[in-house]
Amino acid sequence: MSAPVLTDTDAPAPATERPAVRLLRGLLPYVLALVLAFVVSGVVIAALGYDVVEAYRTIVTTSFRTGFGFTETLTKWVPLTLLALGFTIPLAVGRFNIGGEGQLLVGATAAAGVGIVYADLPTAVLLPLVVLAGVLSGAVWAGIAAFLMGRFRVNEILSTVLLNFVSFQVLDYAATEVWSDPAAGVAATQRVGEGAELPVLGGPPGVHAGIVLALLVAAATTVVTRRTAAGFELRAAGANPRAAAINGIRVEKVAVVALVVGGALGGLAGALEVGGVHGRAIEGMQSNFLLLGIIIGLIARGSALWVPVVAFGIAILEVGASSMQRTVGVPAEMVLIIEALILIFLLLSDVIAGRLARRVT
Amino acid sequence: MTEFAALAQLTVVAMVPYLLASLGTMLGGLTGVFSVSQEGVMLLGAAIGFLVSYGTGSTTIGILLAAGTGAVFGAALGWATTVLRLDQFVVGLALFFAATGLAGLLYRIVIGQGATTPRVDTLPRVEIPLLSDIPVLGTALFSHNVLVYLAALLAVGAWFFLYRTRAGLDLRSVGENPKAADSLGIPVVRNRLWTATAGGALMAVAGAYLPLVYTGTYTDSIVGGRGWLAIALTFFGGWRPQFIVLGALFFAAMDVVALRAEVAGIDIPSQVLLVVPYVATLLVMVFAFRWARVPEFLGRNYDRESRTT
């Protein structure tokens, strides 16, 4: 498999180039990709007979026009960022974690279980337990794939995907048999105890406190990957496995650890969804988070620093999409196509940039 | 015995989407183009196959248009990875998103958000004269819709082409050692392009099979992971059509057993049974990865001017 999947944003710039110029040059492909994606999608929306301007205005302004919209965007940002980081960290070693969905669901199931069984514990005890249950179960879930990868060389793309399907049934078993709540109307577990619910910040409408955790995780990931020996090993193992191995880095072990850490973040996302949003584990609660997490990770080109930023942009699009479907009538799926196009045009702009650079030198 | 014949027939019906999608994956993979967009392309194939059949009343046109759309996605993957030399996984995932979004969008535009789900007629059975009268075997093998026969012919044809013809040997050499193939005058890019394109078409037909044979209706979850399982199956089958057929049979039997056991009311939580195919696949892969050969250049792009490859 080809190792360096994405261009490293830390690539040394020519010494003469100022940081501002470097940043602009880095942002140019993004601007181009965004504009092209919206132009192409605009043509499609217009061809379908909808009002393009109104559709786009709805997408972009929903998050900022109302406090509720902004709350929804931030609430969505939390799992998106965590899943995107959970995809990005293994990606740094050239491994694809397609199991974010399963890690989230298993994390949510475990968190809900703890929150139900120990419902009477005080918040100070229960809440950490709930979060821990999510993190650990996500790590174990990804750990299965990591073990099979390290020990038996089972492709991690396949094992993580297969485990997603197993996780559906794990949640289904919890939601319909063990902790079922017939009054919920959908397949879901009972509500967790009050002590398992995350406090709400700055409400109402307000965002749950999980956003602080997600921010901390994002900051920690950036620092660890860029400023520590472990982060260096991670990037070295991904950039050139052979050279890294010669220099004493145990590439396989790094890959296994990266996958487990990625799973832990997925599990954390699940626990925060339970404690902060739903108050229980619900079937289908993962919605499109995995797809979006992967898109975010790829658009951010594996940079932990940019993941939260891109995730915010995608959260705006997603919240705007349902609003656009309601008011303008354009199906919300249109936004998935816009996101795929952004990614495709970003890839194409790399090719163009590469050709231009070769012509100059 | 009739119960067995019925189960065997169900298994054969259920194996076709696995077989088609996996043969498509294999075809591209043998020249080194590894697709991860099966799940999306199958869903798009299902949407187009269903919508066109619904609109025109002709299942054939539905299947053909689905195949054409799949071919476009396969060609896009081939072009982006051979001509532009973009990363295969990233392009594959991007196409997976695009196809998934497009499938949902098309269905919503044509059918709308209404509560009623429209149906189409499923493909009729074609009983092969004489052969279908054989007890047990006749019902199991020779009383099916045309796509079943087509898939079987395709598997045999693929085996013959790959292992008994010069062009097939050339094709496989591209995935094993493109540099050597190139130096012998075998067109690397052209082989990669056509196999990726044909592979995409097969995946889309595998998807179209689901509404047009299985259910008669389309839902967003109709593919249900079969695309990802097709990748696993291709590895399991060692990238050879003869073993892929066996693997598809195994996967399909898992599906049928899980369904049947639930209906028969066996006293195990249904979730345990529904998990069986995925866990079994994982276990099988633990062993399959030890013996299965993978094309040497799978997932890697070929650059004629590069010295390292």
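Is Val31(A) buried, partly exposed or exposed? Keep that in mind as you click through this predicted model.

**Stop 1: Val31(A).** Select Val31(A), which sits in helix H1 of chain A. Its relative accessible area is 46%. Buried means under 20% and exposed means over 50%, so Val31(A) counts as partly exposed.

**Stop 2: the patch around Val31(A).** Now add Leu23(A), Leu27(A), Val35(A), Val39(A), Val43(A), Leu305(A), Trp306(A) and Val309(A) to your selection. Together with Val31(A), they make a nonpolar surface patch of about 750 Å². Colour helix H1 of chain A, residues 19-47, and you'll have the biggest contributor to that patch, with six residues.

**Stop 3: the annotated spans of chain A.** An unreviewed UniProt entry puts the "transmembrane region" feature at residues 27-50, 77-96, 103-119, 125-150, 207-225, 289-316 and 336-357 of chain A. Try 207-225 of chain A: that span is 84% helix and 11% strand, with its end C-alpha atoms 28 Å apart. Then jump to 289-316 of chain A, where 75% is helix and 0% strand, and the end C-alpha atoms lie 14 Å apart.

**Stop 4: over to chain B.** Here the "transmembrane region" annotation, again from an unreviewed UniProt entry, covers residues 6-28, 63-82, 89-110, 146-163, 193-212 and 273-292. Pick 6-28 of chain B and you get 100% helix and 0% strand, with 34 Å between the end C-alpha atoms. Finish on 146-163 of chain B: this span is 100% helix and 0% strand, and its end C-alpha atoms are 26 Å apart.

Conventions: Residues numbered from 1 in each chain as written. Chains lettered and ligands numbered in written order. Predicted model: local features only at pLDDT ≥ 70, side-chain atom pairs only at ≥ 80, totals over all residues. Heavy atoms only, no water. Patch = residues over 30% accessible without salt bridge, like charges linked within 9 Å, V, L, I, M, F, W, Y side chains within 5 Å. Areas by Shrake-Rupley, 256 points an atom, 1.4 Å probe, with all protein chains shown as cover. Salt bridge = Lys/Arg side-chain N within 4 Å of Asp/Glu carboxyl O. Helix = DSSP H or I, 4+ residues; strand = E, 2+ residues; numbered from the N terminus. Buried < 20%, exposed > 50% of the residue type's maximum accessible area, 1.4 Å probe, protein only. UniProt positions renumbered as here; feature names shortened; annotations may be inferred.
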